[in-house]
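Subject: Structure handover

Hello,

I am passing on the structure we spoke about. Please look it over before reading the notes below.

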Amino acid sequence: MSLRPRLIPCLLVHNGGLVKTTRFADPKYVGDPLNAVRIFNEKRADELMVLDIDATSQGREPNYSLIATLARECRMPLCYGGGVTTPDQVDRIVSLGVEKVAIATAALADLTLVESSASRVGSQSVAVVLETRRDARGQLVSVHSRRGTQRIDGSAHSLAQQAEKAGAGELVINSIDRDGTMSGYDEPLIAELRACVNLPITVVGGASSVNEMLKITSRHQGVAAAAGSLFVFKGKYRAVLIQYPTPSERSTQPRG
Amino acid sequence: MITILDFGLGNVSAFTGLFDRLGVRCAAAKCPSEIVPGSNLILPGVGAFDMAMERLEKSGLAEALKAAVTQTGTPILGVCVGMQVLFEGSDEGNCAGLGLLPGRVVHMGEDCQGASLCLPHLGWNTISIRKSHPVVQGLDDAEFYFLHSYRARPARADDVIAGTSYGCEFPSIVGRGPVIGVQCHPEKSHESGIRLLQNFAGMSSA
């Protein structure tokens with residue numbers, strides 16, 4: 001079962017442009033979504049994740065024309081999230097050429113959305129997102145939605161199991177307090193959730209280096225590593241530069 | 001010339017965009033009358049088996065593609081669930097498949113210790129060619145993107161064109177005569193996918 005590690009750029013859409021946030025706040029403009037997709041095509045990224053961070057907070061539908069444009073251009077699998085609340089929307093987004101639809105807020109409010117979406121487009125195309133935050137002492141993990149503004153009842157552990165039972169095909173763990181900090185993934189949480197579900201998991205939030213991403217994917221079976229800052233900023237002054245490791249850079253990274 | 005059968009599941013625009021760039025003429029067909037005569041057919045698919053079959057039947061595309069394949073030997077490429085519906089049926093649903101290839105579609109866990117298998121099979125994996133075929137020319141050990149929980153179990157072993165290992169080996173590319181199915185997503189597999197689609201575009205009716 002030696003699947004190639006999945007290293008996934010995670011792109012955030014805000015006001016029609018791409019941004020990168022820090023701890024889910026302070027969006028910094030980093031470029032045009034279509035242009036970014038073209039660059040990641042050239043760099044042969046494993047997969048792309050695009051999250052519209054306005055849709056839910058503005059209470060609006062997903063931007064179907066943007067999704068269609070990106071899906072048409074994208075020569076790698078695409079996961080879209082943001083503002084999805086009904087199975088019809090999931091169906092429509094898949095029909096636009098998106099492989100996976102990520103649902104956070106609406107799925108956690110009502111897991112039957114996961115069930116009914118999976119029965120229409122197949123489990124493999126429904127991803128459930130848990131936005132997680134640790135308490136001030138770095139101990140307890142809470143789960144949130146609406147871009148971190150709303151606390152969800154239940155532990156990450158039980159919500160992950162419920163999502164799997166409802167028919168989700170993937171679990172995305174998005175760490176709010178590590179977002180944009182490049183301070184490392186929340187590995188204890190990854191290990192805990194890996195042990196309680198069989199689903200593929202994608203982790204995002206905190207990626208510090210390609211090497212760390214490779215380590216996470218090799219230590220935890222069925223875990224993919226996604227990153228925002230790492231793929232759009234370069235150097236300590238965080239100059240905007242879209243980048244992605246070449247196949248030889250990936251194979252020569254020290255592991256362990 | 002390629003006609004992509006658009007039954008509302010699967011990435012039609014990714015295929016048309018890719019063929020446009022390659023300079024291969026292609027069109028999408030939502031109903032039988034839109035199928036360009038003499039063109040090779042692609043049956044894309046992302047989704048559940050029954051949903052795919054219901055939409056294929058309702059649009060009339062199921063009958064039309066069966067006629068094209070059996071009467072004129074038109075090459076057809078089924079992708080992902082578009083491959084699965086080429087078989088007689090699936091454990092994922094209750095609908096009958098198109099029956100163009102003998103065999104069924106079963107859950108990935110069925111033949112290899114399912115309990116420890118992380119499903120769906122999601123990510124980049126390699127294909128090993130088991131039977132020489134124009135569609136896989138130049139693609140031994142090539143990497144493709146997979147996303148699925150069910151797999152084909154062809155009734156005839158020599159319908160397996162390529163295998164992929166996940167837990168155990170399963171048929172990732174199948175085919176007989178003009179009928180070809182790929183479990184992976186060539187439209188999302190960078191240059192190995194482009195090569196496979198070019199190979200298919202070059203096939204002609206029997």
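The notes below cover a helix and a strand of chain B, the contact between the chains, and one residue of chain A. Please keep in mind that this is a predicted model.

Helix 3 of chain B

This helix covers residues 61-72 of chain B. At 1.5 Å a residue, its twelve residues should span 16 Å, and the end C-alpha atoms are 16 Å apart, so the expected and computed spans agree. Its buried residues are B:Leu61, B:Ala62, B:Leu65, B:Ala68 and B:Val69. Viewed down the helix axis, these buried residues fall within an arc of 135°, and therefore line one face of helix 3 of chain B. They pack against helix 2 (49-59) and against four strands of chain B: strand 1 (2-5), strand 3 (40-43), strand 4 (76-79) and strand 13 (179-182). After helix 3 of chain B comes B:Gly73, with a positive phi near 65°.

Strand 13 of chain B

Strand 13, one of the elements that helix 3 of chain B packs against, pairs with two strands listed here. With strand 4 of chain B it runs parallel, joined by four bridges; B:Val79 has B:Val182 of strand 13 as its bridge partner. With strand 12 (residues 168-176) of chain B the pairing is antiparallel, again over four bridges, and here B:Val174 is partnered by B:Gly181 of strand 13. Strands 12 and 13 of chain B form a hairpin with two residues between them, and B:Gly177 in the turn has a positive phi of about 55°.

Which way do the residues of strand 13 of chain B point? B:Val179 and B:Gly181 point one way, B:Ile180 and B:Val182 the other way, and all are buried. In a regular strand, side chains alternate between the two faces of the sheet.

Contact between chains A and B

The contact takes 30 residues from chain A and 28 residues from chain B. On the chain A side, the elements giving two or more residues are helix 2 (64-73), helix 3 (87-95) and helix 5 (112-121) of chain A. Helix 2 of chain A gives the most, with four residues. By type, the residues on the chain A side divide into nine nonpolar, eleven polar and ten charged.

A:Ile152

A:Ile152 lies in strand 9 (residues 150-152) of chain A. It counts as partly exposed because it has 19 C-beta neighbours inside 10 Å, and 20 or more would make a residue buried. Leaving aside residues up to four places away in sequence, A:Ile152 touches A:Leu108, A:Val143, A:His144, A:Ser145 and A:Leu159. Its C-alpha atom is separated by 30 Å from that of A:Phe231, which is 79 residues apart from A:Ile152 along the chain.

Regards

Key: Residues numbered from 1 in each chain as written. Chains lettered and ligands numbered in written order. Predicted model: local features only at pLDDT ≥ 70, side-chain atom pairs only at ≥ 80, totals over all residues. Expected span 1.5 Å × (residues − 1). Buried ≥ 20, exposed ≤ 12 C-beta atoms within 10 Å, placed from the backbone. Arc of directions from axis to C-beta. Contact = placed C-beta atoms within 7 Å. Nonpolar A, V, L, I, M, F, W, Y, C, P; charged D, E, K, R; others polar. Pairing = 2+ DSSP bridges.
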